[in-house]
Amino acid sequence: MEREPVLKFEHIDAYYGSIQVLYDINFEVYPGELVCLLGGNASGKSTTLKTILGVCKIKNGSIYLKGERVNGKPTKEIIERGVAIVPENRRIFPKMTVLENLELGAYLRTDKEAVKREIENIFDLFPILRKRANQMGVTLSGGEQQMLAMGRALLSRPEILLMDEPSMGLSPMLVDQQFEIIQEVNRRGTTIFMVEQNASMALSIADRGYVLQTGSIVLHDTAQALLENEMMKKAYLGGQDGEDEEDEI
Amino acid sequence: MDLFLKELPQQLVNGLTLGGVYALIAIGYTMVYGILGMLNFAHGEIYMIGGFTGWWVLHLLSRNHHVVMNAAAVIALMIIIAMGVSAFVGVLTERFAYRPLRNAPRINLLLSALGVSIFLQNLVLNYQGAKARVFYVHSLIPESVRLIHLGPVVITLTRLIVIVVTFFLMALLSVMIKRTKAGKAMRATAQDLEMATFVGIDVDRIIVLVFIIGSALGGAAGTLVGLLFTQVDYYVGFQAGLKGFTAAVLGGIGSIPGAMLGGVLLGVAESLAVTFLPAAYKDVVAFAILIIILIIKPTGLVGERVPEKV
């Protein structure tokens, strides 16, 4: 199956000032896949996303989006090439209504009619958002904000959807709901690259996973294989099934 | 008390005139602060340049203190050209004095703004001299319509023009911010600049747009005050800038409706104060309000806090 990856990292080294944060990172995400990047605090997960978005500068290596090298391109151009993000802590525009937040997701699109239809689709997927359509973003609960952030990202019709710590700051019940949503969105055809600390949860819905440790990828395999991997069980999966390891600092 | 009640409607009208102008100036401060988190101390000079531009247009269209064309058209041209020139100068300051410092500490931006302020003041001083330029308003507005009686209130036509133009411009801005795509992008950028780039907003262009709008409104205010007080000099921007800034803080800096409210309230407060106190206390009242607001409600009346940027 010779397909072109939507996103590909090739020997990436990235720095914060003079401190190296990523060492020779290689991975790829194929169309339709749900791939997760796992790792503890300060392992370089967020930096990886920032390098994709052009926020964090790269010293060596190449990033490809659908086969085109995009190193050093400004953020706006990366977004125009079909990258969307559900950022850590969701970052809803607080003083704008739910509807306006969704419209902003489609900021670069000019097909107004289709956008309107897709906003309706988002409302069908998350009926609570329809009820809150004219409420300010700041009035939403954490779970509702997560839905809104997801809807906003989907409205750009992304080639690849980046998710930064989707479980962060949500109650365990909402985490379950959140991962069901991610799985559903992926099943409907959106390619997803997810960064997550909650390894067992992420692997339960992902196709494949990469494990990042202090800036290097130490392991990568199918989600199933990672769930059964001895080292993963010890370091990230907290021994028993379903038990989540808290952040080791 | 009788005197107060008799004077009240008149002072309210006077206050609305002044307040509308303060509001126009305050909008420029508040929009720039909302996005860049900086106080643009050069904004008063943008206002001053608007005043001079208005005077210059009037001067060019006058022969022997008589305008050469329809007076309404002259006033419209004065305001529109002043807005254009001020917007242009505002964009230049952003491009050359602020944008290169976007990632520098805030204090550097502040100092740069002070530098621009002094630079523009002295540029105009060298070019125009220190003498005030006089607007020959009576060439624009004939004696017969100079005063309008509305019940207990006497209003000069100039004041009426100022009120109508300021509130028209504010209404226009409100609609633009609320309804248009650019307006939504401006609000989004003010609320979370990085997230705005993540949905594809070109933040640099939004910042330029903010300087265009803020400076144009400041320039309009400069010409309107020139019509009202019939003169302009190189130093008028200092006082007007402080008043606009006070109005912005009073309303809640960063909030556009706040700037409008703060401006109008400040203008009315000043006008009411001079009915009781000698006129020289006008500024004392204005800045006493600023200090009191900073102490008891630092976020201002509307108090729209931009969320902490990560």
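**Chain A: strands 6 and 7**

Select strand 6 (83-86) of chain A and strand 7 (residues 160-164) of chain A in this predicted model. The two strands run parallel and are joined by four bridges. To see one of the pairs, show A:Val86 of strand 6, whose bridge partner in strand 7 of chain A is A:Met163. Now add helix 6 (residues 142-154) of chain A, which packs on the sheet and touches both strand 6 and strand 7 of chain A. The direction of this helix makes about 175° with that of strand 6 of chain A.

**Chain A: the whole sheet**

Extend the selection to the rest of the sheet. There are six strands in an open sheet, in the order 6-7-8-3-9-10 (chain A), and the pairing is mixed. Which strands stand at the edges? They are strand 6 and strand 10 (216-222) of chain A; each has a single partner strand, so one side of each lacks a neighbour in the sheet. From one strand to the next, the twist averages 20°.

**Chain A: strand 3**

Go to strand 3 (residues 34-38) of chain A, where five of five residues are buried. Show the side chains: A:Leu34, A:Cys36 and A:Leu38 point one way, A:Val35 and A:Leu37 point the other way, and all are buried.

Next, select what lies alongside strand 3 of chain A. Strand 8 (residues 192-196) of chain A pairs with strand 3 in the parallel sense over five bridges. Strand 9 (residues 208-213) of chain A also runs parallel to strand 3, with four bridges between them. A:Val35 is a convenient residue to centre on: its bridge partner in strand 8 of chain A is A:Phe193, and its bridge partner in strand 9 of chain A is A:Arg208.

**Chain A: the hairpin and a loop proline**

Move to strand 1 (residues 7-16) and strand 2 (residues 19-29) of chain A, which run antiparallel and are joined by seven bridges. A:Lys8 stands opposite A:Glu28 in strand 2 of chain A. The hairpin has two residues between the strands, and A:Gly17 takes a positive phi near 60° there.

Then select A:Pro74, in the loop between strand 5 (68-69) and helix 2 (75-80) of chain A. Is A:Pro74 buried, exposed or partly exposed? A:Pro74 counts as partly exposed because it has 14 C-beta neighbours inside 10 Å, between the limits of 12 or fewer for exposed and 20 or more for buried. Measure from A:Pro74 to A:Val55, 19 residues apart along the chain: the C-alpha atoms are separated by 8.0 Å.

**Where the chains meet**

Show both chains. In the contact between them, 15 residues of chain B meet 18 residues of chain A. On the side of chain B that touches chain A, helix 6 (181-191) and helix 7 (193-198) of chain B each supply at least two residues. Helix 6 of chain B gives the largest share of that side, five residues.

**Chain B: helix 4**

Select helix 4 (residues 106-128) of chain B. Its 23 residues should span 33 Å at 1.5 Å a residue, and the end C-alpha atoms are 33 Å apart, which agrees. Colour its buried residues, B:Leu109, B:Ser112, B:Ala113, B:Val116, B:Ser117, B:Leu120, B:Gln121 and B:Val124. What covers them includes helix 2 (43-60), helix 3 (71-98) and helix 9 (236-251) of chain B. Just past the helix is B:Gly129, with a positive phi near 80°.

**Chain B: helices 2 and 9**

Keep helix 2 and helix 9 of chain B on screen. Their axes come within 7 Å and cross at roughly 125°, which makes helix 2 of chain B oblique to helix 9 of chain B. The crossing is right-handed. Residues making the contact include B:Tyr47, B:Met48 and B:Gly51 of helix 2 of chain B and B:Ala240, B:Gly241 and B:Gly244 of helix 9 of chain B.

In helix 9 of chain B, 13 of the 16 residues are buried, so the helix is largely enclosed by the rest of the structure. Just after it, B:Gly252 has a positive phi of about 115°.

**Chain B: last stop**

Finish at B:Gly300, in the segment after helix 11 (282-296) of chain B. B:Gly300 counts as buried because it has 24 C-beta neighbours inside 10 Å. Among the residues it touches are B:Val249, B:Leu250, B:Gly251 and B:Gly252. For a long-range check, B:Asp204 is 96 residues from B:Gly300 in sequence and 28 Å from it in space, C-alpha to C-alpha.

Key
Residues numbered from 1 in each chain as written. Chains lettered and ligands numbered in written order. Predicted model: local features only at pLDDT ≥ 70, side-chain atom pairs only at ≥ 80, totals over all residues. Pairing = 2+ DSSP bridges. Axes fitted to C-alpha atoms, helices over the stretch in contact; angles between N-to-C directions. Contact = placed C-beta atoms within 7 Å. Expected span 1.5 Å × (residues − 1). Parallel < 35°, antiparallel > 145°, perpendicular 65-115°, else oblique. Left-handed = near helix turned anticlockwise from the far one by under 90°. Lists of a residue's contacts leave out its neighbours within four places in sequence.
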